[in-house]
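Me: I am new to this structure and would like some help reading it. Could we go through a few features together, step by step?

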Amino acid sequence: MTEIYSQEPCSEPHVGPNTLKRIAAAWPRRATIRSDMTTFMQPAAPEAGLTDYPVHLIPFAEHPRFLDASEEARRLVNTLAWQAYNARVIAAEEYVANPTFEKLKHGVFPGIDRYEAKEAVQQSHIDEVWHTYMHMTAMQRTKEAHNLTAQPEYFHPVTNQRLFRLMDQYSEEWERDLLFLIWTVVGELHINNFLELLARDETIQPMHSLVARLHARDEAAHGPIVAEVMKDIFVHFNKEQRTLFARRLPDAIIALGAEDYEMWAQILNFVGVAGAEEMIADTRRLPGTDSMLTDFSTVERLVRDLGIEDQIDYDFTGLRTSRA
Ligand SMILES: [Fe+2]
Ligand SMILES: [Fe+2]
């Protein structure tokens, strides 16, 4: 046995042995599918003077060639950025998070024995399916509001693509299942950083910040849930599983923080903005533009709770350039 078994529960006030019980008990009041469905489903007309997506989150927004584009083209890029963001969230939920929640429910991973864990996983899965519905509704409303007759066929976001590429290197089912779990755990712990950015943004349509705010509220519970569930699972892992978990966790962190340049190129080319390749190449040359967000302190806390910080090849302080 390793030191993992004697690990004290995390001393953070929101995490502890009764965390799952408490979070699961609050679900009927907290879940946005229960409490906010009516608010969300009421269509709201777009407000003049507000954008669909925060301009400052478009990495090439200040590039001279982008500023040279017509206002109409820049506005369409902004609208498609919002659409692509929703598509990205849906793809992450549908192709990574939900399959993992199913695996968790079907006993693919050891340690999900206590009822509170099963209940919290089931509730989270329901939330995720609802999130897909919220984001597809948001996309449809945007399409109608702007009379979008054509849109790009959004492909898998960079986060999913990196997972699928990595899976090609592994042939054992347990290895591939574990990669899904790693991606989901990091995603669930991290997703709120970006949602909160949108939720607080006053330059975008109120409906758009509302979607992010509702989603973020559910995810504020999912983070502690997956952290607790992961602790239950990890103590049951054998040596190979622990080794793979520690080895591949940094890949998930880097993938989930990555700026999605393929998506940006797709949008710029779809709109027909001149100099798309140049804009993206110039932006990528600037320091720090590989990542959208670099705060992975919630993942760092889990790593510490699991007692594996010395096995994780990732610098959570952001001072050292991590492996690509
Ligand atoms: Fe979600
Ligand atoms: Fe979630």
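Reply: Happy to. Keep in mind that this is a predicted model. Let's start with one residue: Arg74 lies in helix 5.

Me: Is Arg74 buried, exposed or partly exposed, and why?

Reply: We count the C-beta atoms around a residue, and 20 or more within 10 Å would make it buried. Arg74 has 19 other C-beta atoms within 10 Å, so Arg74 is partly exposed.

Me: Which residues does Arg74 touch, leaving out those up to four places away in sequence?

Reply: Arg74 touches Phe66 and Ala69. You can also compare sequence with space: Ala61 is 13 residues apart from Arg74 along the chain, and their C-alpha atoms are 8.9 Å apart.

Me: How do I describe two helices that pack together?

Reply: Two packed helices are described by the angle between their axes and by the distance between those axes. Here, helix 5 packs with helix 6 (residues 115–146) at an angle of about 160 degrees, and their axes are 9 Å apart. An angle over 145 degrees counts as roughly antiparallel, and therefore helix 5 and helix 6 are roughly antiparallel to each other. The crossing of helix 5 past helix 6 is left-handed. Their contact is made of 12 nonpolar, 12 polar and four charged residues.

Me: What about the largest nonpolar core?

Reply: In soluble globular proteins, nonpolar side chains tend to be buried together. The largest nonpolar core here has 80 residues, and Ile182, Val186, Val229 and Ile267 have the most contacts inside it. Helix 5 (residues 71–105) supplies the largest share of this core, 15 residues.

Me: Which residues does Ile267 touch, again leaving out those up to four places away in sequence?

Reply: Ile267 touches Val77, Leu80, Ala81, Ala84 and Pro152.

Note on methods
Residues numbered from 1 in each chain as written. Chains lettered and ligands numbered in written order. Predicted model: local features only at pLDDT ≥ 70, side-chain atom pairs only at ≥ 80, totals over all residues. Core = buried A, V, L, I, M, F, W, Y, C linked by C-beta atoms within 7 Å. Buried ≥ 20, exposed ≤ 12 C-beta atoms within 10 Å, placed from the backbone. Helix = DSSP H or I, 4+ residues; strand = E, 2+ residues; numbered from the N terminus. Contact = placed C-beta atoms within 7 Å. Axes fitted to C-alpha atoms, helices over the stretch in contact; angles between N-to-C directions. Parallel < 35°, antiparallel > 145°, perpendicular 65-115°, else oblique. Left-handed = near helix turned anticlockwise from the far one by under 90°. Nonpolar A, V, L, I, M, F, W, Y, C, P; charged D, E, K, R; others polar.
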